[in-house]
Amino acid sequence: MRRVLLLLFGSLTACGPKPAAEPSAPASTLPVVPATLAFEDVRVFDGEGWLDDVTVLVDGDRIVAVGPELPVSDEAQRVSGQGATLLPGLIDAHTHVQMPEQLTQALMFGVTTEIGMFSLPEMGQALRAQQAEGKASGRADLRAGILVTAPGGHGTEYGVKIPTLAGPDDAVAFVDEQLAEGSDFIKIVYDDGAGLGLERPTLELATLTAVIEAAHARDVLAVVYVGSQQGAIEALNAGADGLAHLFTDQAPSDAFVTAATERGAFVAETLGVIFSGCDGIRGAVLARDPRIEPFVGPASRRMLGKTTGDLPELGCQHALDATRALHEAGVPLLASTDALNPGVIHGASLHDELELLVKAGLSPRAALRAATAEPADAFGLDDRGRIAAGKRADLVLVKGDPGTDIQATRDILGVWKGGVAADRDAARERVATAWEQVRQAMDAPAPAGLDAGLVADFEGGELRSEFGAGWQGSTDAMMGGGSTVELSVVEGAMKVAGTIDPQMLPIAWSGVTFFPGEQPMTPANLSSKPSLVFRARGDGPMNVLVFAEQLGMVPAQITVEIGEEWAEHWVNLRALVAEPYDVSGIFFGGPSRAGAFTVEIDDVRLR
């Protein structure tokens, strides 16, 4: 009770200072604090611990008072908190944002702030400008870093051309450029892939150290992406302020825990995406939770159902053990989803992350701190992460008590960002509409001509298709690349001759796209014939990409090995999309290597 009264009188500035020995005034004599919103008789997790049966007053975008039995002005909107718990807005400390709609989805699940660990500068600048102007009340805030990686290193493979850093001499200029582009912190990739049995370039230790020192010279955080325990120890010893992942290659060692403790670093654990690699079912189970499902659209459900499938079960146990060891040593843990990776999505997956933290040995209180006060402290977000006078009114009201059942955070009664209520009813309607559109698309007639199954055999010497909008060359020129392509028909087969721009690797592309719809990139229902069959030869391998509305902006991809002799190849479209009811394009492209290539394609069919 003493702590509650201290909170109360610390926030009621109209009362003026009182001597420490003076008794607290009874509630009936307290002045009425102007408020636009009042949560009454509610249990509160304030970012540190629990307060029972208190009132939280909000005026505009700020919390103005917290205490028992506070008088409420007639103008305030009253929200009953009986049987409910009020939480600070949740903070996801590791995400990837491609579009504003992902931040809108996050808000519907009570996530009011995301720490973007790899965002395009132009998008980040635009989103933060809107936030500064007060035009982002309907979506989570974004704090973002871009990326520091080696040429060809992790982060260069996602279809976006990003600058890379080759050596320590350029570290200061590189960091300055990132800060000028709007990075709130510096994220550094220090991972050669060995933890996953891969080989890829990464920064040298001297370069990593130089980047960390350059970041600290500019008074910004240096957060390091690691993939192995050895890399984590080296990054911490080099001065990293935090780690953007946990490793899975080994059980945590005393040396690792000591390095994190002595450095005073935080760790964004990303347990959910780790479990998507060695468990593979948590996302699908989350999508079917009746408290979550009404807000999960088709694309999100598909993402939750995916799995990286590349980790042994022991890898998950290593991550859990590391989480437990770090927590017991007092190392700050930050709840982090790593959305958009397989098995996790914005917003919803943070609730599963809380459950995994409890599974790792944290109390519900500690797990909630990992999604509120801890990331706020780690990233210097002084106005959020706690429920206290003067803090921004980022709030989540949930049914029940997450202090005894962490899954109660999923049962959301309301979300407020800066005192503005999120329109969860509208979000629920949007999701219902999206599912209705899916049902309509699945019932849509197949393209005229699909029944015969033949797409093209090129016997007439023309570059045409039997149905759809036909064939069109495609290169990375639209992204500023220099790859080229020429299409022709030679001896009854389509010849694709092109060059791959080495400066655009690994995201360079050159090839040809078949459009099955009436117009290029309009969806077509191919469900009745979900197998793509074709003959090919060339200096492969060849990349096949499937574009579909259900996939959003990122196509599904498969590599087909081809040689100098003609051979028939089968691609199961259902292995790439849940159901091929909205396919807008099928791309056949050259190999992912620099230089000239030639591919010949014939007898393209759908079966």
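The exercises below, each with a worked solution, concern a predicted model.

**Exercise 1. The five-stranded sheet**

Give the strand order of the open sheet of five strands, and state which strands stand at its edges.

Solution.
- Step 1. The order is β18-β21-β26-β23-β24, and the pairing is antiparallel.
- Step 2. The edge positions belong to β18 (470–475) and β24 (556–560). Each has a single partner strand, so one side of each is left without a neighbour in the sheet.
- Step 3. On average, neighbouring strands of this sheet are turned by 25° against each other, direction ignored.
- Step 4. For β18, the pairing with strand β21 (residues 510–515) is antiparallel and extends over six bridges. Within this pairing, T475 stands opposite S510 in β21.

**Exercise 2. Strand β6 and its unit**

Determine how many residues of strand β6 (residues 90–95) are buried, and which unit β6 makes with helix α2 and β7.

Solution.
- Step 1. A residue counts as buried under 20% relative accessible area. Six of the six residues of β6 are buried, so the strand is largely enclosed by the rest of the structure.
- Step 2. Strand β7 (residues 111–116) pairs with β6 in the parallel sense, over four bridges. T95 has G116 of β7 opposite.
- Step 3. Together with helix α2 (residues 100–108), β6 and β7 make a β-α-β unit that is right-handed.

**Exercise 3. The partners of β14**

Name the strands that pair with β14, and give the direction of each pairing.

Solution.
- Step 1. Strand β14 (residues 395–399) is mostly covered, with four of its five residues buried.
- Step 2. Strand β5 (residues 84–88) pairs with β14 over five bridges in the antiparallel sense. Here T85 has V398 in β14 as its bridge partner.
- Step 3. Strand β15 (residues 412–417) also runs antiparallel to β14, joined by four bridges. V396 is bridged to V415 in β15.

**Exercise 4. Backbone exceptions**

Locate the cis peptide bond from A339 to L340. Then decide whether E69 and T270, two non-glycine residues with positive phi, are buried or exposed.

Solution.
- Step 1. The bond from A339 to L340 is cis, with omega near 10°. L340 is found in the loop between β13 (333–334) and α12 (348–359).
- Step 2. E69 has phi near 55° and is found in the loop between β3 (62–67) and β4 (77–80). Its relative accessibility is 61%, and exposed means over 50%, so E69 is exposed.
- Step 3. T270 has phi of about 50° and lies in the loop between β12 (266–268) and α8 (271–278). Its relative accessible area is 0%, so T270 is buried.

**Exercise 5. Nonpolar cores**

Identify the residues that touch the most other members of the largest nonpolar core, and list the contacts of V224.

Solution.
- Step 1. The largest core has 90 residues, and those touching the most other members are I188, V224, L243 and F256.
- Step 2. Helix α5 (residues 205–217) supplies the largest share of this core, six residues.
- Step 3. Leaving out residues up to four places away in sequence, V224 touches I188, Y190, L208, I212, A235, A240, G242, L243 and A244.
- Step 4. Another core, of 39 residues, lies apart from the largest one; among its members are V512, L551, A556 and V577.

Terms used
Residues numbered from 1 in each chain as written. Predicted model: local features only at pLDDT ≥ 70, side-chain atom pairs only at ≥ 80, totals over all residues. Heavy atoms only, no water. Pairing = 2+ DSSP bridges. Helix = DSSP H or I, 4+ residues; strand = E, 2+ residues; numbered from the N terminus. Axes fitted to C-alpha atoms, helices over the stretch in contact; angles between N-to-C directions. Buried < 20%, exposed > 50% of the residue type's maximum accessible area, 1.4 Å probe, protein only. Right-handed = clockwise from strand over helix to strand, strands pointing away. Core = buried A, V, L, I, M, F, W, Y, C linked by side-chain atoms within 4.5 Å. Contact = heavy atoms within 4.5 Å.
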